[in-house]
Amino acid sequence: MKLSPAPREVRLAGVVTAVPSLALLVFGVIVLVNGLRSPAQPGNNVFAESGTFIVVALAFLAASAGLVLGQTWARSPGVVIALIVIGLGWYLLGPSGLPAWGVPVALFGIAALVLLFRRPSRAWALDLREGESETEAAERGGLAGRRAEREGHDED
């Protein structure tokens, strides 16, 4: 499989978002194992709880892998993952009173977000061409650009 020419920042953001995604997967497995060892409690469905963590972790890992492989579709989910991780870091830092966990978690999210919004990452996502502004690239790739491209093909 040939990797696309994504900038280093995008691939690094994929690695950075994979770390909390793997941690969430491990957490889901731990919840399942601990739940199966404990006696059943009314209203507590260990399969649903751990299954939710595992499914979300796998979706996050898919987006992380997409970034590492240089797939443009993975940038938006990568941004969402980074925002969720920043929120989790804030919660650990503030309301949970666990700054030793909150600060590193928040830094992972901030790092991913910065990497995904650096100029090379934006230019790659917009398929920016030489001498073209980001606005022009967005219009070319957006609804107006697709309409112009379609109308250009209709004339042929």
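These exercises work through a predicted model.

**Exercise 1. Place Asp127 and describe its backbone.**

Task: State where Asp127 sits, which sign its phi has, and whether the residue is buried or exposed or in between.

Solution:
- Start with location. Asp127 falls in the loop that links helix H5 (119-126) to helix H6 (134-141).
- Next, the backbone. Phi of Asp127 is near 55°, so the sign is positive, and the residue is not a glycine.
- Set that against the general trend. Most residues other than glycine have a negative phi.
- Last, exposure. The relative accessible area of Asp127 is 45%. Partly exposed runs between the 20% and 50% cut-offs. Asp127 is therefore partly exposed.

**Exercise 2. Describe the surroundings of Arg119.**

Task: Find the helix that holds Arg119, its exposure, and its contacts beyond four places in sequence.

Solution:
- Arg119 belongs to helix H5.
- Its relative accessible area is 47%, so Arg119 counts as partly exposed.
- Leave aside neighbours within four places in sequence. Arg119 then contacts Leu128 and Glu134.
- Now look further along the chain. Pro7 and Arg119 are 112 residues apart in sequence, yet their C-alpha atoms are 9.9 Å apart in space.

**Exercise 3. Check annotated spans against the model.**

Task: Which residues does the UniProt annotation "transmembrane region" cover, and what are the helix percentages of residues 12-33 and 53-70?

Solution:
- The unreviewed UniProt entry gives 12-33, 53-70, 77-93 and 99-117.
- Residues 12-33 are 100% helix and 0% strand, with end C-alpha atoms 32 Å apart.
- Residues 53-70 are 89% helix and 0% strand, with end C-alpha atoms 26 Å apart.

Conventions:
Residues are numbered from 1 along each chain as its sequence is written. This is a predicted model: local features need pLDDT of at least 70, side-chain atom pairs count only at pLDDT 80 or more; totals for chains, interfaces and linings use all residues. Side-chain values use heavy atoms; hydrogens and water are left out. Helices (H or I, at least four residues) and strands (E, at least two) are DSSP runs, numbered from the N terminus. Buried means under 20% relative accessible area, exposed over 50%, partly exposed in between (1.4 Å probe, protein chains only). Contact means heavy atoms within 4.5 Å. UniProt positions are given in the numbering used here, feature names are shortened, and annotations may be inferred rather than shown by experiment.
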